[in-house]
Amino acid sequence: MAYIKSAALEETGFVILDSYNEEIDPKEWLDVEYVDWKSSGDTRFAPLASAKGEIECNGFWNHQPPRTDKDGVWIQSQVDKAPTLTRRAQEPGANVGRCRIIELQPNSYGDCLYNLHQDDNNRLNPDGTGWVVRGFFNLTDDKNSFFVLRENRTDPSIEYRIALPAGAQLIVDTQRLWHAAAHYGDDPRYCLITSWTSGPELDAYMEKYNATTEYTQFELSQEVLEAGYAEQARRDAARAAYYAAKGQQAKQAMSEA
């Protein structure tokens, strides 16, 4: 299919924007209502915009009528508590689908690699329309944490590790890139995640904030790297064995029926 995509994302699948340096009251992400929603770790989410303006996080295709992740409905009770975050999500003028704050509990590099995933942003997206990507605005000052992006989930030869201090801003084609965060610290990490539709509005926004693929790789020791690779492989193997056993059990039950 031929979608409208941003040339800035063509090379690597992500760009980094200028850091956001204005103060935001933490109440904007602490006082909103969260729901349990697991995604790449021990997480909760506070939706600001959803399919029907309800406090839930389901993909828009799971509603009736099913549709792609566009034309999100702002949740007034949440928007009233997070006006600055809402304005930031709306600033590009691009179509907004889901808009949510993620709360991520501390984890490790190994956890992060196991949790690497791709998003299903463009299910039911009509041919010839804008490709849906996601913006990530880090809210808390997580200097020891970093975002991991890979082209291939189990291949570390192309791995981008991007630091996550307060104000870090990325736009990522998360349907293309495998991604997750490694969050070291004692407190949760908070980040605003917005689904935007690619097009001239988003292109202009990226240009305005000097979108670039240049960054400094978050450094890890060889010991941490190798331990992370081993943990990902171990947990992948355990998961495969679990589902294989379930499959054998199901076959046995059918044969005995």
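**Long-range contacts and the enclosed strand E11**

Among contacts in the chain between residues at least 6 apart in sequence, 80% join residues at least 24 apart. The model is predicted. The chain holds 6 helices and 11 strands. Its radius of gyration is 19 Å, close to the 18 Å that the globule rule gives for 257 residues, so the chain is as compact as a globular protein of that length. The C-alpha trace spans about 60 × 50 × 40 Å along its principal axes. Of the 257 residues, 49% count as buried.

Strand E11 was examined next. This strand covers residues 189-197. Of its 9 residues, 9 are buried, so E11 is largely enclosed by the rest of the structure. In a regular strand, side chains alternate between the two faces of the sheet. Both faces of E11 are covered. On one side, Arg189, Cys191, Ile193, Ser195 and Thr197 are all buried. On the other side, Tyr190, Leu192, Thr194 and Trp196 are buried as well.

Two strands that pair with E11 are described here. Strand E5 (residues 96-104) runs antiparallel to E11 and is joined to it by 7 bridges. Within this pairing, cysteine 99 has threonine 194 of E11 as its bridge partner. Strand E6 (residues 132-138) also pairs with E11 in the antiparallel sense, over 7 bridges. Here phenylalanine 136 stands opposite isoleucine 193 of E11.

Phenylalanine 136 also appears among the contacts of histidine 179. Histidine 179 lies in strand E10 (residues 178-182). Its relative accessibility is 3%, so histidine 179 counts as buried. Two polar contacts of its side chain stand out in the list. The side chain of histidine 179 reaches the backbone oxygen of histidine 117 at 2.9 Å. A polar contact of 3.1 Å joins the side chains of histidine 179 and aspartate 119. Both partners fall within the run Asn115, Leu116, His117, Gln118 and Asp119, which histidine 179 touches. Further contacts of histidine 179 are made with Phe147, Val148, Leu149 and Thr174, where residues up to four places away in sequence are not counted.

Aromatic rings provide another set of links. The count comes to 14 aromatic pairs. One of them joins tyrosine 160 and tyrosine 215. The ring centres are 6.3 Å apart, and the planes meet at 65 degrees. With planes over 60 degrees apart counting as edge-to-face, this pair is edge-to-face. Tyrosine 160 lies in strand E8 (residues 159-164). Tyrosine 215 lies in the loop between helix H5 (200-208) and helix H6 (222-256). The pair therefore ties together parts that are 55 residues apart in sequence. Tyrosine 160 is buried, with a relative accessible area of 16%. Tyrosine 215, at 28% relative accessibility, counts as partly exposed. Ring pairs also link Tyr109, Phe146, Tyr184, Phe218 and Tyr229 into a cluster.

Charged groups sit over rings at two further sites. The charged end of lysine 5 sits over the ring of tryptophan 131, 4.2 Å from the ring centre. Arginine 100 lies over the face of phenylalanine 45, at 4.6 Å from the centre of that ring.

Tyrosine 160 also takes part in contacts with the segment before strand E1 (14-17), where threonine 12 lies. At 7% relative accessibility, threonine 12 counts as buried. Threonine 12 and tyrosine 160 are 148 residues apart in sequence, yet 9.5 Å apart in space, C-alpha to C-alpha. Leaving aside neighbours within four places in sequence, threonine 12 is in contact with Glu151, Tyr160, Arg176, Leu177 and Thr213. The side chain of threonine 12 also reaches the backbone oxygen of phenylalanine 14 at 2.9 Å.

Alanine 238 and tryptophan 61 give another distance across the chain. These residues are 177 apart in sequence and 31 Å apart in space, C-alpha to C-alpha. Alanine 238 lies in helix H6. At 43% relative accessibility, alanine 238 counts as partly exposed.

Definitions and conventions. Residues numbered from 1 in each chain as written. Predicted model: local features only at pLDDT ≥ 70, side-chain atom pairs only at ≥ 80, totals over all residues. Heavy atoms only, no water. Phe/Tyr/Trp six-rings, centres within 6.5 Å; stacked < 30°, edge-to-face > 60°. Helix = DSSP H or I, 4+ residues; strand = E, 2+ residues; numbered from the N terminus. Buried < 20%, exposed > 50% of the residue type's maximum accessible area, 1.4 Å probe, protein only. Lys NZ or Arg CZ within 6 Å of the ring centre and 35° of its normal. Polar contact = N/O pair within 3.5 Å; in protein donor to acceptor, adjacent residues only side chain to side chain. Contact = heavy atoms within 4.5 Å. Pairing = 2+ DSSP bridges. Rg over C-alpha atoms; globule rule 2.2 N^0.38 Å.
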